[in-house]
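User: Please take a close look at one part of this model for me. I would like to know how two of the helices pass each other, and then how the strands are arranged.

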Amino acid sequence: MKLSLVFPPFYLEPMYNLPPLGVVNLATVISDPDRDVAIHDFALAIRRKELKMGKTIYGDCAEKLLQGDPDVVGFSAQCTTYPAVVQIARRVKAAKKGVRIILGGHNASFVDERTLSSFPWIDGVIRGEGEITFRELVEAYENDRDLSTVAGLTFRRGSEIVRNPQRDLIPDLNQLPIPDYSLVPSFSAYRDACGIPRSIAILEVGRGCPHSCVYCSESRLWRRRTRTFSVERLILEMRQLHETYGAECFLLAYDQFTAERTFVEEFCRKVVSSGLNRLPWYCI
């Protein structure tokens, strides 16, 4: 099976200048010798002048995707990129009727049924945490299984829109594999294309937020729960990102990183004892 995972085209100088971790995570969990998995980061393609801004951009993106003759195209959809996702998906489906178009991400998760009702060329939406759901969906496609068995999926069955039961959150994030960054251009390629001073890697420390701010989707997406990777796992990943992929700096991504003092102190001590304190890091 051929799968294309897409980060849509968008340009704003301070945004989208690192590899799309969510897409990399999905590609990593479905990696298999019998699958051909490709990642298309169209935000990077704009920066590298491989994709031109303008009225033909959606058609150009669709053409690039179709060159790989994919069986499944999965889009990472955010509020800023939703129009691009919808327009590119429409063009891909018009050119290849049998391709499955799947959306995921914050925005898609909250408007899943509305999306399928409005855009008949989209086949399904993965709601919330996507790694296990997407892997099971791919397996269902490969084995021609009933999609109603895939928790966390909203999909189209003829004229009917089916919303499967919610999937439980992954109880132990350490079960997830370390992201395989060999599937995207190097950190140095992003550094050079985006004009940032160092090769920066996102280090996902945890997921979730216990608060309920009305302007933010995080707490609702993660059901007001928080989970962290273990400090040992984080140190292992930092070392691999540095030694294998050339990361020179780390962006620690987790809304609640500084909420628990003992966790932060343990992390800092392990960074020092492992010798990784010569590498800069910052958190958001």
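Analyst: Helix H3 passes helix H4 in a right-handed crossing. Bear in mind that this is a predicted model. H3 covers residues 57-66, and H4 covers residues 82-95. Their axes lie 9 Å apart. The packing angle is about 50°. Angles under 35 degrees count as roughly parallel, and 65 to 115 as roughly perpendicular. H3 and H4 are therefore oblique to each other.

Now look at the residues that touch. H3 contributes Tyr58, Gly59, Cys61, Ala62, Leu65 and Leu66. From H4 come Pro83, Ala84, Gln87, Ile88, Arg91, Val92 and Ala95. Sort this contact by class: ten residues are nonpolar, two are polar and one is charged.

Next, the strands. Seven of them form an open sheet with mixed pairing. Read across the sheet, the order is S2-S1-S3-S4-S5-S6-S7. The edges belong to S2 (36-41) and S7 (160-163). Each has a single partner strand, so one side of each is left without a neighbour in the sheet. From one strand to the next, the twist averages 20°.

Strands of a sheet pair through backbone hydrogen bonds, either parallel or antiparallel. Take one pair as an example. Strand S4 spans residues 100-104, and strand S5 spans residues 124-126. S4 and S5 pair in the parallel sense, over three bridges. To find this pair in the structure, start at Leu103, which stands opposite Val125 in S5.

Methods. Residues numbered from 1 in each chain as written. Predicted model: local features only at pLDDT ≥ 70, side-chain atom pairs only at ≥ 80, totals over all residues. Heavy atoms only, no water. Axes fitted to C-alpha atoms, helices over the stretch in contact; angles between N-to-C directions. Helix = DSSP H or I, 4+ residues; strand = E, 2+ residues; numbered from the N terminus. Parallel < 35°, antiparallel > 145°, perpendicular 65-115°, else oblique. Left-handed = near helix turned anticlockwise from the far one by under 90°. Contact = heavy atoms within 4.5 Å. Nonpolar A, V, L, I, M, F, W, Y, C, P; charged D, E, K, R; others polar. Pairing = 2+ DSSP bridges.
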